[in-house]
Every structure is written in structure tokens, then in C-alpha cells.
Amino acid sequence: MSRGMGEGMRRRDRLEMDDPVLRQVIRRELGPDGEPHGAAAASGQVVIRMEDVHLSFDQPVLRGTSLEVHEGETLLVLGESGIGKSTILKLILRLLVPDQGSVTVLGRETRDLSFEEALDMRRKIGMVFQNAALFDSVNVYDNVAYPLRENTDLPEPQIETVVRERLEFVDLDPETVCEKLPDELSGGMKKRVGIARAIATDPQIVLYDEPTAGLDPLTVGTIGDLIQKLQRELGVTSIVVTHDIRAGFRVASRVNLIRDGQIVFDGTPEDMIAEDDAYIQRFLALS
Amino acid sequence: MNGMAGIVAKVDGWIQGTAIGVYQYFTLAGRASRFIVARPFYWRDALRQMDRMGVGTLPILLLTGLFTGMVLALQSSVALQRFGADMYVGSLVGVSMVRELGPVLAALIFAGRVGSGIAAEIGSMRVTEQLDALQSFGTDPIKKLVTPRIIAGVSMLPILTIVTNAVGIFGGLVVTVYAVGISADVYLSGVWSTLAQSGFIFGVFPRDFVVGLAKPLVFGGVIALTGCYYGMAARGGTEGVGLATTRAVVTASILVLVVNYFLTQLLMVLMPARG
């Protein structure tokens with residue numbers, strides 16, 4: 001299952017994953033029989049494909065990254081902080097273009113898209129940002145209504161209905177939160193509003209950038225439940241980028257681990273736990 | 001030799017960075033201008049910006065214009081009284097305010113208040129990923145944020161300049177009547193006769209008045225664009241936003257002064273003064 005790692009590395013230095021308590025904790029996150037809670041197996045065609053992607057800023061970030069995401073699955077991208085996980089999401093949204101290699105989203109190579117075509121493509125993708133990235137000059141209602149006003153011709157009464165539905169979907173009371181400004185919300189509420197906004201227009205793909213960063217354990221659980229609920233009830237294809245393994249394993253149907261700009265593991269959460277590569281073991285143990 | 005090579009490399013880097021910056025500035029100007037006539041139009045955003053820029057800057061410009069006119073009248077009356085020419089205070093205040101002081105002072109105040117506000121707002125949006133969020137919803141941030149601000153800057157600064165001129169001339173009137181002891185009629189006829197002396201555009205508008213309004217039209221666009229440029233280029237959290245704000249104000253102020261000179265030259269050719 002793992003890619004790009006020498007066999008020599010695999011057998012070296014098994015670390016803390018031998019710890020039965022840690023294994024138990026991760027298995028609890030996975031659910032019975034090692035299956036992720038509520039995550040459906042990948043069933044459909046490939047909707048996102050990255051092939052041999054290279055990208056450098058001041059120094060190389062991605063060095064031949066390749067991954068595939070199938071329709072309806074939830075792919076978890078793990079890796080250390082600052083290693084290029086969020087960059088992958090920005091490449092998919094074509095906020096960045098690779099120096100080398102290709103990124104294909106919904107059947108279109110993003111490099112070939114004109115600026116307007118890229119905007120069109122982004123309308124089919126919802127993005128939940130690390131710090132929610134809510135528009136701080138407008139209230140919650142206008143935040144969630146924004147993609148609807150921008151990308152649909154719905155009349156305002158219908159927009160209001162959709163906004164209320166989406167807020168209820170993420171377990172927020174529209175009566176309480178609609179008029180609030182983002183500054184008046186807690187971190188968890190901001191994330192939930194961010195999710196409501198991302199799914200407002202029923203996107204085919206939802207990208208999550210560190211959806212649980214900076215949240216307390218209870219709120220992490222709530223956000224995890226929401227991601228599962230989205231996958232289960234709306235059938236969206238998702239990519240979750242995080243370094244929080246416990247939260248990630250709850251929602252993932254497949255895991256990619258990124259190291260030194262490459263995907264070094266591709267498999268199910270259960271496969272990853274069973275993997276005896278030293279780096280993976282250390283990553284799992286210390287996360 | 002290493003020291004020399006280091007200096008050359010630094011100068012080279014600075015030149016490259018400046019050239020790229022100038023290119024990006026004009027690219028932003030070009031795209032933002034193109035979007036004025038491209039759908040969708042963000043008229044609501046433009047109107048909100050007009051309100052913020054126009055109404056928000058009005059009080060400080062009223063004060064600036066009033067006291068500038070008062071000081072101008074006071075200083076010039078002292079000098080003119082020596083030659084027994086204090087009845088020309090109105091001429092001096094009127095022509096100074098309308099031709100130069102009104103447009104330039106209004107623009108500098110506008111740069112300080114509006115330019116910094118734009119850079120801080122867009123810079124904050126940049127570092128908190130709100131610009132990425134806009135793009136993720138298929139919105140072009142230039143169309144949504146930059147174009148409405150340029151429209152607002154171009155339309156509001158001329159109006160603010162008219163108000164500044166009027167208040168400045170009024171401030172001069174107050175000082176001339178109550179401190180210098182010249183009648184309001186003499187003062188106001190001095191203002192009007194000097195403005196009329198430079199000729200009329202379309203037979204109605206005094207040339208100086210039109211020239212004085214052509215400038216803020218350009219200044220408004222330059223200030224809004226500079227604020228947007230530095231805001232969109234902000235990097236690195238709150239410190240980056242602070243830096244972008246400072247740079248926006250400094251650059252916009254310098255650009256106002258430089259553009260003012262060349263614009264004056266151009267307008268002297270396009271609309272020559274009579275006589």
C-alpha cells in the first residue's frame with residue numbers, strides 16, 4: 001500500500017505504535033471492524049487526479065506528488081505542518097498552478113482553464129478554510145447566502161430558505177446566529193458556518209483545510225460528525241487535509257500521507273495502522 | 001569584491017522587484033478598469049464604498065479646508081497690506097484653493113484616510129484567506145473589491161474637492177471680514193474675477209475650476225488603486241497588514257504630488273489659460 005518508501009526503512013525502529021493503548025484509541029476512532037465511521041467506500045470514477053506535480057515557492061514544496069480521489073469518497077491527506085497539504089487544496093482549486101505535472105479536476109486539466117473557466121470550476125467545489133475565512137464585514141446570514149447570490153439566480157426568499165436549511169444542517173439555530181457577525185462566534189461555530197457556506201450551492205466536491213485546528217475535543221467530534229453526515233447524506237466527494245490523525249480517521253475512507261513533497265502512503269486507515277514503516281509508526285504515535 | 005558583488009546583487013534585486021511591482025500595479029489597474037464594463041456589476045459594493053469614502057472623509061476635509069482658507073487669508077493679508085493691496089486677498093485665496101491647495105490637500109487627506117483603510121481592509125482579507133474564499137466561490141476579487149473602490153475613489157474625490165474649495169474660500173471670507181476688515185463683497189468679487197480671468201470651458205465653467213476638478217478625478221483613482229494594490233500584496237499576518245497600510249499611504253501621497261506636477265503640465269497644454 002505504501003509508495004515511495006524503501007523496504008529497508010520499513011522494518012526499522014518500530015516506535016510507540018506498539019503501545020496497545022494508542023492502538024485502542026485509534027481503533028475506537030475507526031469504529032467496528034476497522035471501518036471509518038460513516039465513510040463509504042470509493043465507488044465512482046476519479047474526480048480529482050494529480051500526476052507527478054512539482055511546485056516550488058522559495059524552496060520545493062511538492063516533488064512529484066500524485067494522488068487520485070474517487071467520486072463519493074473521503075480522502076484524508078496527512079502530513080506534518082508546513083509540508084504542503086494546504087498547497088494541494090489550492091492546486092485543486094487552481095488558486096495555484098503546478099510548475100510541472102498535471103492536476104485534473106472533474107475531467108478538466110486545470111492548467112488549460114482560462115481564468116473564467118477556473119471560476120466556473122470553483123463553483124462546483126466547496127472549501128472549508130483553516131480559520132473558516134468568514135467575511136468579517138457581513139453577518140452569518142450574508143456569509144452563507146454569498147455563494148447563492150453569486151452563483152445562482154435564486155430569489156431572496158428562496159435564498160433565505162436555503163441559508164436556514166444549511167445552518168440547521170450544521171446544527172446551528174438560524175434564529176440565534178443569522179444576525180451575528182463572525183467576530184461574535186466561537187471557533188467551533190465559525191467552522192460550522194464555514195461548512196454551511198461551503199455546501200450552500202450543493203458542490204460536488206468539498207475540501208477541508210485543517211477543519212479541526214484549534215478546537216476543543218468536543219467540538220472536534222462535532223465537526224467530524226458533520227463531515228460524515230455530509231458524505232452520508234449528500235454523497236459529496238471530500239478531501240480532508242489535517243495533521244490531526246484521530247479526527248481524520250473518524251471520517252476518512254482512504255488516507256494519503258505526504259512526506260518530503262511526495263505521497264508515501266496510500267491506503268485505508270486500517271492499512272495505515274497495520275503499516276510497519278518506521279516513519280508512519282512514528283507519525284501515528286506522536287500525532 | 002564580495003562586498004561589491006553583494007551590493008550589485010542587492011541593487012539588481014531591488015530593480016527587479018520594483019519592475020515587477022510596477023508591472024503588477026498597471027496590470028491591476030488594467031483589469032480593474034476593464035471590469036467597470038463587465039458583468040456582474042457590484043454596484044451595491046460601489047455605493048457602499050462611496051458612502052464610506054465620501055461621507056467618512058467629509059468632516060476631516062471640512063476642517064482642513066476651513067483652516068487652510070483661514071490661514072491663507074491671514075498670511076496673505078499681512079503681506080498684501082504692505083503694498084496696500086489687501087483687497088486682493090479674495091483673488092489669492094480663491095485661485096490658490098481652486099487650482100492647487102483644494103485638490104492636493106483633499107487628495108493627501110484622502111490618501112491618509114481612504115488609502116490606508118483600503119490597504120488595511122483588503123490586507124486583512126488577504127492574510128485571513130478571505131480573498132481565497134472569494135475565489136473559491138468563483139468570484140474575482142479584483143472585480144468584487146478593487147473595481148468598486150476605484151469607481152468610488154474617482155467619483156467621490158472630485159465632490160470632496162469642491163466642498164474643500166468652498167469651505168476654504170468661506171474660511172478666507174470669515175478671516176478677511178472679521179480680522180482684516182475688508183467687506184465680503186470685495187472679497188467674493190476678487191475670488192470670482194480671478195477665476196473668470198483664466199477663461200471659461202464651454203462658456204460656463206471657469207477654467208481653473210475645471211482644471212481643479214480634473215486632478216482629483218485622477219488622484220481618486222490613483223489612491224484607491226494604490227490602497228488595493230498594497231492590500232492584495234499583503235503577506236505575513238498583522239505585521240504584513242501594518243506594513244501594507246504604511247506603504248499604501250506613503251506611495252499614494254508621493255504619487256499624488258508627482259502626478260499633480262505632470263497633470264498640471266498636461267492641462268496647461270490641453271486647456272491653456274486665457275491671456
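## Exercises on helix H6(A) and its salt bridges

Just after H6(A), Asp171(A) adopts a positive phi of about 60°. Helices are DSSP runs of H or I with at least four residues, numbered from the N terminus. This is a predicted model: local features need pLDDT of at least 70, side-chain atom pairs count only at pLDDT 80 or more, and totals for chains, interfaces and linings use all residues. Residues are numbered from 1 along each chain as its sequence is written, chains are lettered from A and ligands numbered from 1 in the order in which they are written, and side-chain values use heavy atoms, leaving out hydrogens and water.

**Exercise 1.** Check the span of helix H6 (residues 156-169) of chain A against 1.5 Å a residue.

*Solution.*
- Step 1. The expected span is 1.5 Å times one less than the number of residues.
- Step 2. For the 14 residues of H6(A), that should be 20 Å.
- Step 3. The end C-alpha atoms lie 20 Å apart, which agrees.

**Exercise 2.** Find the buried residues of H6(A) and what they pack against.

*Solution.*
- Step 1. Apply the cut-offs: buried is under 20% relative accessible area, exposed over 50%, partly exposed in between (1.4 Å probe, protein chains only).
- Step 2. Ile159(A), Val162(A), Val163(A), Arg166(A), Leu167(A) and Phe169(A) are buried.
- Step 3. They cover an arc of only 155° around the axis, so they sit on the same side of H6(A). The arc is taken from the directions from the helix axis to the C-beta atoms.
- Step 4. An α-helix has 3.6 residues a turn, so residues three or four places apart point the same way.
- Step 5. The buried residues of H6(A) pack against helices H5 (140-151), H7 (174-177), H8 (187-198) and H9 (217-234) of chain A. Contact means heavy atoms within 4.5 Å.

**Exercise 3.** Work out which parts of chain A the salt bridges of Arg164(A) and Arg166(A) tie together.

*Solution.*
- Step 1. A salt bridge needs a side-chain nitrogen of Lys or Arg within 4 Å of a carboxyl oxygen of Asp or Glu.
- Step 2. Arg164(A) meets Glu175(A) at 2.8 Å, N to O. Arg164(A) lies in H6 and Glu175(A) in H7, so the pair ties together parts 11 residues apart in sequence.
- Step 3. Arg164(A) is partly exposed at 26% relative accessible area; Glu175(A) is exposed at 59%.
- Step 4. Arg166(A) meets Asp202(A) at 2.7 Å, N to O. Asp202(A) lies in the loop between H8 and strand S7 (205-209), so this pair ties together parts 36 residues apart in sequence. Strands are DSSP runs of E with at least two residues.
- Step 5. Arg166(A) counts as buried, at 12% relative accessibility.
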